[in-house]
Amino acid sequence: MILLEGRRLTKRFGGLVALDNMDFDLSEGEILGLVGPNGSGKTTLFNVITGVYPPNSGWIRYRGEDITGLSADRVCKRGIARTFQIVRPFYSMNVLQNLAVAGTFGVPGRRKMKEIEEDSLDILKFVGLRDKGDSPVSSLTLAGRRRLELARALATVPKVLLLDEVAAGLNVEETEAFIDQIRKVRERGLSIIVVEHVMKLVMTISDRIMVLDHGKKIADGPPERVANEPQVIEAYLGVQEVA
Amino acid sequence: MKTRVIVSYVIALLLTALLPILLPGYVSYVIVVLMYVVMSLGWNVMGGYLGDISFGHAAFFGIGAYTVALLVNSGVSYFAPLNLLLGGAVAMAVGAVVGYPFLRLHGFYLAIGSLALLGIFYSVFKDILASFTRGASGLMVPAIKPYSVLPYYYSILVIALATVLFVEFIVRSRLGMAFAAIRDDPEAARAVGINITPYRVLGFSLSAFIVGLAGAFFAYYNNYVDPSGAFSLVVSFEMLVMVYFGGVGTVAGPVVGSIAVFAAEEAGRIVLQRGYLLVLAIMLLTVFVFMPGGVVGVLTGKTPIVNPFPERRRKEMKHDST
């Protein structure tokens with residue numbers, strides 16, 4: 001069943017067409033990998049879905065409801081959460097408070113603070129930051145901060161999770177660990193879109209891969225097939241090193 | 001709250017309540033300090049907790065002061081506590097109305113725009129509404145008869161205490177969480193479900209209310225309000241120095257800062273006469289260079305993270321991680 005779909009999405013910045021008539025869809029329980037060279041429109045697509053800015057044209061539906069142009073906070077409350085490419089924690093708060101904010105404002109309705117705290121602790125345990133609740137964000141390593149990004153997104157109790165380059169800057173072991181983590185997230189019943197430069201990560205975890213180039217979709221299918229399409233190799237794999 | 005904190009609050013409260021008996025000669029000084037406490041706590045709601053730095057808060061001080069002066073002079077309602085509250089309420093209402101367009105600004109632009117805001121209200125009260133406000137000649141607010149300093153003292157003491165409790169309450173509530181999130185990173189705040197504009201407008205209005213209350217008190221205590229005294233850049237500057245010197249984004253900071261600024265002003269007036277503002281400027285620069293967390297930051301060993309320019313910090317972070 002299709003959970004999230006976008007049709008004919010176009011986003012222009014001045015003369016630059018960052019998204020050009022793009023279609024996409026995400027099925028329930030699916031992990032969709034989004035790849036493409038720098039500037040191909042991956043992050044723009046994320047921003048359009050999550051309401052950072054509206055598309056110039058086209059529409060997005062989530063569970064059959066139109067969410068095109070909804071503000072970021074509303075999109076989050078509907079159940080679509082994201083992480084940022086460059087980690088953006090709340091620096092004045094400790095790790096647990098970061099999650100508590102998300103659990104307080106990212107979920108519709110008013111929940112008891114006690115409940116929010118318990119859920120936040122569960123999520124911290126789930127992402128492997130169990131002992132870090134009271135730590136300041138600045139004490140976390142980069143890998144730890146990426147886990148915090150993920151945890152904070154999960155604290156908004158999403159159905160769809162958009163991960164923007166979660167493995168950038170991580171070493172091999174950290175990346176492997178993150179791959180496991182993302183799989184575990186899916187087992188919880190979430191559908192996930194992953195933007196990633198680390199090819200190993202996308203190829204291993206994605207059920208399906210969508211390749212973007214200059215704001216257009218140039219391929220869409222299972223990883224093995226997409227990786228062998230000449231157009232893709234030319235646009236992306238042939239140019240960039242495979243990490 | 002920790003027992004120690006509560007005990008120290010109680011002691012401080014007792015001492016200030018008994019001050020007119022213990023040190024009757026100092027009452028008029030402490031009145032000014034308490035007024036400063038209210039002003040700076042008000043400024044800190046927006047500048048410290050929301051991270052929106054304003055140089056224009058004297059506008060709300062002036063609006064509060066003029067509200068009282070106009071009410072008293074027009075003979076409408078001569079019940080002081082109500083007039084004080086109305087002073088705050090009018091400032092708050094103005095804050096809410098101005099807030100929606102004004103808070104489209106962020107960071108540097110907001111800081112500079114706030115100067116324009118102050119300029120606007122100065123002109124409005126001095127020139128545009130001159131037929132009501134008597135322009136530059138100002139308005140008198142008669143002192144109570146028979147005169148005693150005590151009603152003034154206990155009024156501002158109650159206001160200051162209520163303000164401390166109110167700000168403590170805000171900081172510990174969900175509202176305070178939202179403020180901190182918005183201050184730390186507006187875009188991340190949005191991404192976790194916070195609709196930031198209403199919160200910023202609310203913070204701005206609450207800040208305006210508290211500063212307006214201080215202004216309303218000022219009108220009574222000073223017996224006189226004029227545009228250049230009420231809508232004064234010096235007043236804005238004082239709030240800033242008090243907050244940053246004491247410790248931005250804390251409740252104790254503005255209290256400490258108010259005492260320090262008052263003492264520095266008095267000392268400065270003795271040594272430098274009209275040049276006393278130099279002392280405040282030196283305090284501000286010293287704090288920025290040597291102790292960004294202010295006095296409270298030095299005592300607690302923490303530097304409060306109040307960066308009104310998250311854009312800039314994000315870039316710094318990017319360099320850190322790559």
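1. In this predicted model, V172(A), E173(A) and E187(A) are exposed on the other side of helix α6(A) from its buried residues. Those that are buried in α6(A) are T175(A), F178(A), I179(A), Q181(A), I182(A) and V185(A). Because the buried residues fall within an arc of 165° when viewed down the axis of α6(A), they line one face of the helix.

2. The cover over the buried residues of α6(A) includes the strands β3 (31-35), β7 (160-164) and β8 (191-195), together with the helices α4 (113-126), α5 (142-154) and α7 (199-205), of chain A.

3. The length of α6(A) agrees with expectation: its 16 residues (172-187) should span 22 Å at 1.5 Å a residue, and the end C-alpha atoms are 23 Å apart.

4. At the start of α6(A), a side-chain oxygen of N171(A) comes to within 3.2 Å of the backbone nitrogen of E173(A). Just after the helix, G189(A) has a positive phi of about 95°.

5. Some backbone geometry in chain B merits comment. Most residues other than glycine have a negative phi, and most peptide bonds are trans. R134(B), which is not glycine, has a positive phi near 60°; this residue lies in the loop between α6 (130-133) and β1 of chain B and is partly exposed, with a relative accessible area of 49%. Q273(B), also a residue other than glycine, has a positive phi near 50°, and its place is in the loop between α13 (252-272) and α14 (277-290) of chain B.

6. The peptide bond joining K145(B) and P146(B) is cis, with omega about -5°. P146(B) is found in the loop between β1 (139-140) and α7 (150-172) of chain B.

Notes: Residues are numbered from 1 along each chain as its sequence is written. Chains are lettered from A and ligands numbered from 1 in the order in which they are written. This is a predicted model: local features need pLDDT of at least 70, side-chain atom pairs count only at pLDDT 80 or more; totals for chains, interfaces and linings use all residues. Side-chain values use heavy atoms; hydrogens and water are left out. Helices (H or I, at least four residues) and strands (E, at least two) are DSSP runs, numbered from the N terminus. Buried means under 20% relative accessible area, exposed over 50%, partly exposed in between (1.4 Å probe, protein chains only). The expected span of a helix is 1.5 Å times one less than its number of residues. The arc is that of the directions from the helix axis to the C-beta atoms. Contact means heavy atoms within 4.5 Å. A polar contact is a pair of N or O atoms within 3.5 Å; within protein, one must be able to donate a hydrogen and the other to accept it, and residues adjacent in sequence count only if both atoms are side-chain atoms.
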